[in-house]
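Q: Could you walk me through the largest pocket in this model? I'd like to know what lines it and which parts of the chain it draws on.

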Amino acid sequence: VIMDLMDKVTHIFAQGLSSGFYPVPQQAIGVGSAFEGWSPRAQDLVYRVLVPLSPPPGHAFHLELDTAGTLQRNSCVCVELLCTCTREQLGEDMLCFLHHPEEELRRKQDPSLLHTLCTGSYLDVEKTVHWFAGFLRAAWLLLPQSRHWRLMLQPSSRSYQFQLRQDKESFMAEVVFGVRQGDSDIFVSSQPSEEGVPSTTWLETYAVAEAKFFGHVSRQALQDSWHCKCLQLLTGILMGGDISTYALKTVVMHLLNTVPLTQWRGRDFGQRLMDTLRYLHRSLETKQLNHFVLGNVRLPTEISLPSDLRVAAPPNLFQHLASDPDAHSKATWDYVRLLHR
């Protein structure tokens with residue numbers, strides 16, 4: 001239901017019903033636990049989708065990445081104007097932003113992206129989210145879903161959630177926007193972050209690569225594979241603790257990449273749970289848990305990474321435990337609770 005709605009919104013945009021030179025939304029990509037098949041709490045299910053954005057005609061995006069070596073690199077999306085004089089000579093109804101007088105551009109053409117959704121020369125996250133929420137609200141009545149579903153939009157500064165409700169059935173979705181790094185599966189995105197992050201800052205995300213990995217596993221695994229049930233059980237027990245859901249997901253992804261998929265059936269469930277706990281225990285003892293995507297030479301070849309990330313040293317997700325004894329103690333107690341449960 002969610003993906004069909006996003007496909008139709010993208011189709012409406014492509015028909016030219018959004019006037020002006022705005023980012024062009026591409027086909028949405030389902031990411032996160034709901035699409036990967038292991039959500040720890042069904043009652044709180046949120047379907048997260050990432051909508052890739054491409055530059056409008058006459059514009060180009062350039063990523064300015066902060067390569068300081070942090071786990072999640074920050075980025076700015078620089079917007080550049082391109083010469084379109086050749087397209088104009090071919091009869092296309094578009095004036096060149098670079099070579100036509102400003103007065104003529106103001107009279108005959110909508111403003112460039114630099115004058116709508118940018119702060120300075122950088123694509124602004126908050127302006128982009130606000131613009132797309134408005135477009136969805138306007139396009140809703142043109143969608144066939146509007147005859148059967150009620151739409152409730154809940155925009156925030158860096159993403160927006162919406163709820164679809166029909167009688168007693170409802171779906172909650174969260175939409176974030178992303179700009180692809182080259183032709184890879186790594187994006188910089190508008191995903192929510194801590195307070196104080198500038199609105200021109202986009203955060204590197206590996207969610208698409210991880211979702212593709214779970215898709216790869218599902219296609220290769222036997223029909224009665226219990227790998228998602230294993231992750232679902234463990235994350236459900238530990239939700240709200242000091243060991244993050246992402247850390248547990250990382251442990252299971254490492255095991256899925258090393259333990260043969262024929263050994264994840266129901267009869268193997270207990271053994272795979274113990275494997276996961278042992279891996280987690282060893283990682284806590286050594287305060288070392290390598291990122292799954294970055295620098296992983298065993299990553300399936302269908303997952304595309306920028307060359308610098310494929311050969312990078314994998315960041316340590318437990319680095320903070322080495323410098324914070326109190327955090328390490330709390331995480332160890334979380335592990336003990338998980339073991340007893």
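A: Here's a look at that pocket, with a short stop at the runner-up at the end. Keep in mind that this is a predicted model.

Let's start with the space itself: the largest pocket has a volume of about 1,200 Å³. Its lining is made up of 39 residues, and the ones nearest the centre are Gly 32, Arg 48, Thr 245, Tyr 246 and Lys 249. Sorted by class, that lining comes out as 20 nonpolar, 11 polar and 8 charged residues.

Now for where those residues come from. Helix 8 (245–256) is one of the elements that supply at least two lining residues each, and with 4 residues helix 8 gives the largest share. Also supplying at least two each are helix 2 (33–36), helix 6 (207–220) and helix 11 (319–323), along with strand 3 (47–54) and strand 10 (169–180). On the domain level, domain 1 (1–205) and domain 2 (221–340) each put at least three residues into the lining.

There's a database angle too: an unreviewed UniProt entry lists residues 242–296 as "domain: Mab-21-like HhH/H2TH-like". In this model that span is 55% helix and 0% strand, and its end C-alpha atoms lie 25 Å apart.

As for the second largest pocket, about 240 Å³ of space lies there. Helix 4 (residues 102–108) gives the most to its lining, with 3 residues. Among the residues lining the second largest pocket are Leu 81, Phe 97, Glu 102, Arg 106 and His 115. By class, this second lining has 4 nonpolar, 3 polar and 3 charged residues.

Definitions and conventions
Residues are numbered from 1 along each chain as its sequence is written. This is a predicted model: local features need pLDDT of at least 70, side-chain atom pairs count only at pLDDT 80 or more; totals for chains, interfaces and linings use all residues. Side-chain values use heavy atoms; hydrogens and water are left out. UniProt positions are given in the numbering used here, feature names are shortened, and annotations may be inferred rather than shown by experiment. On a 1 Å grid over the protein atoms alone, a cavity is a set of points where a 1.4 Å probe fits but cannot get out, and a pocket is an open set with protein on both sides within 12 Å along at least five of seven lines; lining residues have an atom within 4 Å of a point. Grid points are joined across faces, edges and corners, and a volume is the space filled by probe spheres set on the points. Ala, Val, Leu, Ile, Met, Phe, Trp, Tyr, Cys and Pro count as nonpolar, Asp, Glu, Lys and Arg as charged, and the others, Gly among them, as polar. Domain bounds come from an automatic or database domain assignment.
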